[in-house]
Amino acid sequence: MMESKPGSSRPDRKRTERNRRNQMKALFSELHSLVPQQSPTEKTLSLPDQLGEAANYIRSLQVKVEKMREQKEQLLEVGKINTTMNSGPMIGFKSPEIRIWNNKSILEVVLVTGLDGQFMFNETVQVIHEEGADIVNASSSYVGDAMLHTIHAKVGEGDSSEERISERLQKIVNDMLMESHP
């Protein structure tokens with residue numbers, strides 16, 4: 001059996017415990033220095049309050065990181081769309097579709113395009129305007145990977161502007177389809 005010296009182990013334990021407390025105090029102090037102060041006149045916080053403040057700050061950082069990660073993913077998706085649009089075949093490209101209804105003197109045009117369809121919307125508005133119809137309402141909405149454009153225009157009763165508008169718009173859509181699928 002080993003002989004134990006009762007006097008020698010007690011100071012070692014005290015010194016070890018003192019070193020551990022000093023090390024913990026230094027680490028708590030460092031942690032507190034990393035957490036931004038809520039107000040400049042804030043008094044010295046108790047240790048539990050410092051730990052609580054640090055925990056709350058870490059949680060808020062985690063929320064910010066998650067939001068930034070989601071933003072990054074969204075931006076990467078937009079980047080993929082832009083890249084595919086500029087370099088050959090367009091993954092997720094939506095072929096344009098157009099529907100035209102005439103209800104007495106009101107012409108309703110619904111144009112469904114991919115996310116890049118703003119140009120077609122502008123052309124549609126231009127054709128309607130050139131044919132003498134008055135645009136009453138126009139709106140655009142994102143629906144999944146498509147844009148839904150709706151235009152209401154007032155046309156003269158009994159004139160042939162509705163037919164001309166319909167023919168010209170159908171030609172624009174057909175030309176666009178021919179360009180994207182040669």
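This is a short walk through a helix, a hairpin and a surface patch in one structure. Keep in mind that we're looking at a predicted model.

Okay, let's start with helix α3, residues 118-130. How far apart are its end C-alpha atoms? They're 18 Å apart, and that agrees with what you'd expect, because 13 residues at 1.5 Å a residue should span 18 Å.

Now, which residues of α3 are buried? That would be Met-120, Phe-121, Thr-124, Val-127 and Ile-128. They cover an arc of only 125° around the axis, so they sit on the same side of α3. Swing round to the face turned away from that buried side, and you'll find Phe-119 and His-129, both exposed. Just after α3 comes Gly-132, and its phi is positive, about 90°.

Moving along to the hairpin. Strand β3 is residues 134-143 and strand β4 is residues 146-154, and the two pair in the antiparallel sense over 9 bridges. If you want one pair to find on screen, take Ser-141, whose bridge partner in β4 is Leu-148. There are 2 residues between the strands, and in this hairpin Gly-144 has a positive phi, near 65°.

Last stop, the surface. Leu-31, Leu-47 and Leu-51 make a nonpolar patch of about 210 Å². Of these, Leu-47 belongs to helix α2, which covers residues 47-86. So is Leu-47 buried, partly exposed or exposed? Its relative accessibility is 38%, and buried means under 20% while exposed means over 50%, so Leu-47 counts as partly exposed.

That's the tour, thanks.

Definitions and conventions
Residues numbered from 1 in each chain as written. Predicted model: local features only at pLDDT ≥ 70, side-chain atom pairs only at ≥ 80, totals over all residues. Heavy atoms only, no water. Patch = residues over 30% accessible without salt bridge, like charges linked within 9 Å, V, L, I, M, F, W, Y side chains within 5 Å. Areas by Shrake-Rupley, 256 points an atom, 1.4 Å probe, with all protein chains shown as cover. Salt bridge = Lys/Arg side-chain N within 4 Å of Asp/Glu carboxyl O. Helix = DSSP H or I, 4+ residues; strand = E, 2+ residues; numbered from the N terminus. Buried < 20%, exposed > 50% of the residue type's maximum accessible area, 1.4 Å probe, protein only. Pairing = 2+ DSSP bridges. Expected span 1.5 Å × (residues − 1). Arc of directions from axis to C-beta.
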